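Open the structure in your viewer and keep the selection tool at hand. The tour below goes from one selection to the next and says what is there.

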Amino acid sequence: MSNSVAVSISAKIVNGGDLVEIGTRYDPAVIEKKWYRYWEENGFFKPKEEGKPFVIVIPPPNITGRIHMGHALNITLQDIVVRYKRMKGFDTLWLPGEDHAGIATQNAVERHLIETRGKRKEDFQRDEFLQIVRDWAKTYRKEIATQIRSLGASVDWTRERFTLDEGLNRAVRKVFVNLFNEGLIYKGKYMVNWCPRCGTVLSDEEVEHEEEVAKLYYVRYPLKDGGYIIVATVRPETMLGDTAVAVNPKDSRYSQYIGRVAILPLVGRELPIIADEYVDPEFGTGAVKITPAHDPNDFEIAQRHHLEIIDIFDDTARINENGGKYQGMDRYEARKSIVEDLEREGFVEKVEDHQHSVGHCYRCHSTVEPKLSDQWFVRMKPLAEAAIKVVEEGDVQFFPQRWTKVYLNWMYNVRDWCISRQLWWGHRIPVWYCDDCGSIVASEEELHKCPKCGGEKVWQDPDVLDTWFSSALWPFSTLGWPEKTEDLKRYYPTSLLVTGFDIIFFWVARMIVMGLKFMGEKPFSHVYIHQLVRDKYGRKMSKSLGNGIDPLDVIEEYGADPMRFTLAILAAQGKDIKLDPRFFESHRRFANKIWNASRFVLMNLEGYERKTLSGLDLSLDDRWILSRLQKVIAQVSEAIENYEFNIAAKTVYDFFWSELCDWYIESSKFRLSIKTERQTVQNVLVHVLEQSLKLLHPFMPFLSEELWSKLPRRSGPSITISPWPEVVEELIDERSEKLFSLIMNAVKGIRNVRAEMDIPQSKKVDAYYISKDHSFDGLLEDYIARLGNVSKLEAVSEKPHRSAVAYVDDFLEVFVSLKELDIEREKARISGKLKKLSKELEKLERKLAAEKFLSNAPEEIVSEKRKEFQELKVRTERLERLLKELEE
């Protein structure tokens, strides 16, 4: 995207005696790199090592390319909390780093080698290939760091870590060896999820299940003593590994078959017909083939019935030597060939369509193959107990709270964790095998001879650990564990984890398990599960749909601050974000509004002398804005503390845009020209602007720093380390808020009448009011006349003839004179508007009554149309009232 932000035109402004340069437009391209460099060079992101610690370890992004909008959201939300806590005086540490991402990185490098050199991984020695990946990692780590900087993330780069750096490697080895020696890590032959494309095992959480329509084949299996039994299968190719046929013992249809022998078609192998409770009588014919080596449920049945296990696939999902004439065929080629042979020999009874769930590799999307394999596992049940307890007792809290149940349900039913991967890139499993004495030894150090027999024929396990094994240690390994470092003593446990719901099981649960096991303490107190960023229609962003929004492109076009603010204001707890690119433009306008308001203040500081607010003679609008500021400080602080980012952002937005810019600054323009009031207005403007910029800072750090740096009353070298605003109870003034609110409502009413009657806002009008409390008449007349551009505001006892109601409540009524209008022309114009509105209302009413629309349209569209209908009704009623008033 091209940078469409207008280049700012500098202007020199006298600011409390100093000459300050400020452009007419906010230009993020100019200021963002400048301020990030300034913050980093001055060490503002480093913890101060005094006060109460507040710590976040960043969820380390993979080193496989550019950050996406989910990363941008995650980093923005973390930075909002970190900047807020830093300003609140906490000893704040936000520790950055990157994940080596085993499968993802190795796949990416393998693709790169094929595309650029025409070579495969197997064309290199292991050490050669690993050096290529290390070089790749070094390049992409720098790119990721640059991208994180562009978002404005206030992380301490002096503590940057990598899940495959030497320190973390020591931690990984120590954890593995300790668990191994305690019998909590073991090796066994179990049914695993195998990706034939990646050539590695996958954990259950790494398998993505999708509904697919397949062919269900009904196949006749001849019986040895005559007749046949029909079984149904979606995978006829796996029949080469069948070792039994099973029925449910309660299924009376098959009671006479139990104990008999079937003959496997095409192969001739004898298969016992067995009874097992697992068999679903409703599936297919109620009789199923048992293939223990290629189905996890069949494997369990085989264990119970002591069946033979025949593996028919190699690691690439091609038929192996146990497949007879089909050897060497890909699984899908074999399916086609076997079905043809079955049909030719008359074994196929019928074929139906069947919908079922199919597992896919979360990285390459290949169909996963259930496979018996020797793998390393962690026994999770004994480790899960403490991790369940800390959540049940509230020591670790989830936000939104509903994720607590998701976490606990998984932990109650946790299965052993398969931690070995058949890859080269990753933490190599620290286990050595001795060919001399057959010993298997886990060691933190490299072994060159067997510690048991002294033999030198030792070799290391070729597999690497699951990426999530090292990530599970992230909260304490990054702080120096297993060494007893000062950072570890001071900053563990951490305070908050911000992450996505999709890795609660991959990462969050395992960090809690490992933190409790090796540190004896929870790794963090709060877990905030952030939203999923979808496109404006609510669809998941994906390459296939082409609906992704690149955060780096957004930054280039709009700036980091408008993007950050957009993500924050949409981040309602427990609700996915529907991201419309138009929102970025809207919040760039917000940034320009803040810029222009600040520029106005700075342009009007000639003769400014700093005074305490208590020493000023405050007017109604001063007391009102200062009171509103106190409440906004409280609301924003509370919302951030509760991770209600959307509420915090909206509060800042409304206060800045409406109350400060549209009302107080507008009100101050007249008073700045009055010598006796100028000093008061200047001091209130500077105070409110400075406090507002601080409230804005966690959301828009670059803009707030640029403007704060130009204020005359600032203290300290950066807004980043300036104190967060505190509520001053003495400045809360309910009476002034109520009165000024009346004035605003009256002025809005006058403006609405102008708009409906086509009276230009710049043209003065006559107005009248009825007040129930005459002690405020002077203030009402002054402010309403000035802000409503009223030439004469006259107190009356009843509604004047030929006037329109602008505002009515129990305390005040305001009317706008219509005497100067061409009444007949206005009546015709409003009648025409009403006719048009009536048609629109009828059309909307029909749509909202249509069952097809209500049942098929997305919920938000229906809600939008209902809102539109109500707004049209309100406008219609207002115009009908105006028409009636014209006819009086």
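## A cluster of rings

This is a predicted model. Select Phe565, Phe590, Tyr653, Phe656, Trp657 and Phe699: ring pairs link these residues into a cluster. In total, the structure holds 42 aromatic pairs. Two of the pairs come later in the tour.

## The whole chain

Zoom out to the full protein chain, which has 25 helices and 31 strands. Its C-alpha trace spans about 110 × 65 × 55 Å along the principal axes. The chain has 888 residues, and 56% of them count as buried. Take the contacts between residues at least 6 apart in sequence: 77% of these join residues at least 24 apart.

Now colour by confidence. The pLDDT averages 90 over the protein chain, and 97% of the residues score at least 70. Residues 1–17 have a pLDDT below 50, and in the model this stretch has 55 contacts beyond near neighbours in sequence.

## Two edge-to-face pairs

A pair of aromatic rings is described by two values, the distance of the centres and the angle of the planes. Select Tyr36 and Trp39, which both belong to helix H1 (residues 28–41) and sit 3 residues apart, about one turn of the helix. Their ring centres are 6.1 Å apart and their planes stand at 70°. Planes over 60 degrees apart count as edge-to-face, so this pair is edge-to-face. Tyr36 is buried, because its relative accessibility is 4%, and buried means under 20%. Trp39 is buried too, with a relative accessible area of 0%.

Go on to Phe129 and Trp424. Here the ring centres are 5.6 Å apart and the planes are at 70°, so the pair is again edge-to-face. Phe129 is in helix H4 (residues 126–150), while Trp424 is in the loop between strand S19 (420–421) and strand S20 (431–434). The pair therefore ties together parts that are 295 residues apart in sequence. Phe129 has a relative accessible area of 0% and is buried.

## Arginines over rings

Return to Trp39 and add Arg83. Arg83 lies over the face of Trp39, 4.6 Å from the ring centre. Then select Arg510 and Trp417: Arg510 lies over the face of Trp417, at 4.0 Å from the ring centre.

## A parallel pair of strands

Select strand S3 (residues 53–57), where 4 of the 5 residues are buried. Add strand S4 (residues 91–95), which runs parallel to S3 and is joined to it by 5 bridges. Which residue in S4 is the bridge partner of Ile56? It is Trp94. Follow the chain from S3 through helix H2 (residues 69–87) to S4; this β-α-β crossover is right-handed.

## An antiparallel hairpin

Next, select strand S9 (residues 207–222) and strand S10, which pair in the antiparallel sense over 6 bridges. S10 covers residues 228–233, and 5 of its 6 residues are buried. Val219 stands opposite Val231 in S10. The hairpin has 5 residues between the strands, and Gly226 takes a positive phi near 105° in it.

## Unusual backbone angles

Two stops show cis peptide bonds. One joins Phe399 and Pro400, with omega about -10°. Pro400 is in the loop between strand S17 (397–399) and helix H9 (403–412). Another joins Trp481 and Pro482, with omega about 15°. Pro482 lies in the loop between helix H11 (474–477) and helix H12 (486–491).

Two further stops show positive phi values. Leu266 is not a glycine, yet its phi is about 70°. Look for Leu266 in the loop between strand S12 (261–263) and strand S13 (270–275); its relative accessible area of 29% makes it partly exposed. His365, also a residue other than glycine, has a positive phi near 70°. His365 is in the loop between strand S15 (348–361) and strand S16 (369–378), and is partly exposed at 39%.

## Last stop: Cys450

Select Cys450, in the loop between strand S21 (440–442) and strand S22 (458–460). Is Cys450 buried or exposed? With a relative accessible area of 3%, Cys450 is buried. Leaving aside neighbours within four places in sequence, Cys450 is in contact with Cys434, Cys437, Ser439, Gly455 and Val458. To finish, select Asp276 as well: from C-alpha to C-alpha, Cys450 and Asp276 are 47 Å apart in space, and they are 174 residues apart in sequence.

Terms used: Residues numbered from 1 in each chain as written. Predicted model: local features only at pLDDT ≥ 70, side-chain atom pairs only at ≥ 80, totals over all residues. Heavy atoms only, no water. Phe/Tyr/Trp six-rings, centres within 6.5 Å; stacked < 30°, edge-to-face > 60°. Buried < 20%, exposed > 50% of the residue type's maximum accessible area, 1.4 Å probe, protein only. Lys NZ or Arg CZ within 6 Å of the ring centre and 35° of its normal. Pairing = 2+ DSSP bridges. Right-handed = clockwise from strand over helix to strand, strands pointing away. pLDDT = per-residue confidence, 0-100. Contact = heavy atoms within 4.5 Å.
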